[in-house]
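This report covers strand pairing, buried residues and a surface patch in one protein model. The sequence and the structure come next.

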Amino acid sequence: MKSSAVPNSSLSEAASGSVFNIQRFSLHDGPGVRTVVFLKGCQMRCAWCANPESLAPQPEVLFDRQRCAKAPCEQHCPGRSAVKMAAVGYESWPDDQKCPAAALRKVGKTLSVDEVMRTVAADALYYRTSGGGMTLSGGEAAMQPDFSRALLRRAMQEGIHTAVETSGFAAWPALWQVCEASQLILYDVKLADDVLHQRYTGVSNRSIWQNLTRLLTQTIPLRIRIPVIPEVNDSRKEAEKMMRAIASLTQGSRCFQGIDLLPYHNFGLRKYVLTDRRCLYEEMHPDRGKPRVAELEKMAVRYGLNTTTLSHCIG
């Protein structure tokens, strides 16, 4: 694996993108130990999204009102009390000023390919020994196709395995621009029923299934990922519709590698408070039970599909 100290000029364009997190030592976003680069911006509005801070493409501020209210802010940053900050807007907080109460934190930075790769390449030894690498997630990588492609090409030049997690909700040219430069595609499928899909994600799933059909004719390895959401897609009826559709599309496909099931968790609820958003799923289904993963597993077996159940739902 080559060192990234001296980047290849042809692959280190001036491309830059909006990144809200770089998570090292991830084990559920492709094979081996991986670094996940979370890109900001998403066109979908999944009611259960675990990363609400990823939705807006521009930087934003996480603001903890309780922490701020308990701190002597006027003493340390005059004119920036919780009340006054609410009036002027949290985004006005200077990038170079640290909140003494740790109540304000900016999310989202414009980073260059070189800046991202310095963090990614730091764990090259772990990738080599575990078969891991770098995964682009989000948000949606296809919303930043130039930056995503530049990152993927640079990582592959460094001998780092690459993967892309995508919702598939994007224009085909942008989606293919990203996926064609990756070595593994993690393709999210939420629902087969289009009416339900629009209700819970805000968009139709027609282009998602169309894009999946096109990707399955290519040669890039692809895994389908299904977040298992109680009372949304874990019924016997919806499970059968999804598995039947997947079985039909993947029949004869050489690149299809199986299905990952990701049970829903509500670990991201706190971030809804910090970003001043409502978690619609929690409001719609306050008395739900646990995800019925077994329903999807049984239907997958019925249609001859292989599944792997992971420990949590990413988004």
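The text below goes through strand pairing, then three buried residues, then a surface patch.

The model is predicted, so local features need pLDDT of at least 70 and side-chain atom pairs count only at pLDDT 80 or more, while totals for chains, interfaces and linings use all residues. Residues are numbered from 1 along each chain as its sequence is written, and side-chain values use heavy atoms, with hydrogens and water left out.

**Strand pairing**

Helices (H or I, at least four residues) and strands (E, at least two) are DSSP runs, numbered from the N terminus. Two strands pair if DSSP finds at least two bridges between them. Strand β1 (residues 16-26) pairs with two partners listed here.

| Strand pair | Sense | Bridges | Opposed residues |
|---|---|---|---|
| β1 (residues 16-26) and β5 (residues 109-112) | antiparallel | 4 bridges | Ser 18 and Thr 110 |
| β1 and β2 (residues 34-39) | antiparallel | 5 bridges | Ser 26 and Arg 34 |

**Buried residues**

Buried means under 20% relative accessible area, exposed over 50%, and partly exposed in between (1.4 Å probe, protein chains only). Contact means heavy atoms within 4.5 Å; the contacts named below leave out residues up to four places away in sequence. A polar contact is a pair of N or O atoms within 3.5 Å; within protein, one must be able to donate a hydrogen and the other to accept it, and residues adjacent in sequence count only if both atoms are side-chain atoms.

Ser 137 is in strand β6 (residues 133-137) and counts as buried at 3% relative accessibility. Its side chain makes a polar contact of 2.9 Å with the side chain of Glu 165. Ser 137 also touches other residues, including Val 36, Val 37, Phe 38 and Leu 39. Its C-alpha lies 9.8 Å from that of Ile 22, although the two are 115 residues apart in sequence.

Leu 151, in helix α6 (residues 145-157), is buried with a relative accessible area of 0%. Its contacts are Val 37, Val 113, Val 116, Met 117, Met 134 and Leu 136.

Ser 167 lies in the loop between β7 (161-166) and α7 (172-179) and is buried at 7%. Its side chain reaches the backbone nitrogen of Phe 169 at 3.2 Å. Among the residues that Ser 167 touches are Met 44, Glu 140 and Lys 190.

**Surface patch**

Phe 25, Leu 125 and Tyr 126 make a nonpolar surface patch of about 310 Å². Leu 125 belongs to helix α5 (residues 124-130).

How values were computed:
Patch = residues over 30% accessible without salt bridge, like charges linked within 9 Å, V, L, I, M, F, W, Y side chains within 5 Å. Areas by Shrake-Rupley, 256 points an atom, 1.4 Å probe, with all protein chains shown as cover. Salt bridge = Lys/Arg side-chain N within 4 Å of Asp/Glu carboxyl O.
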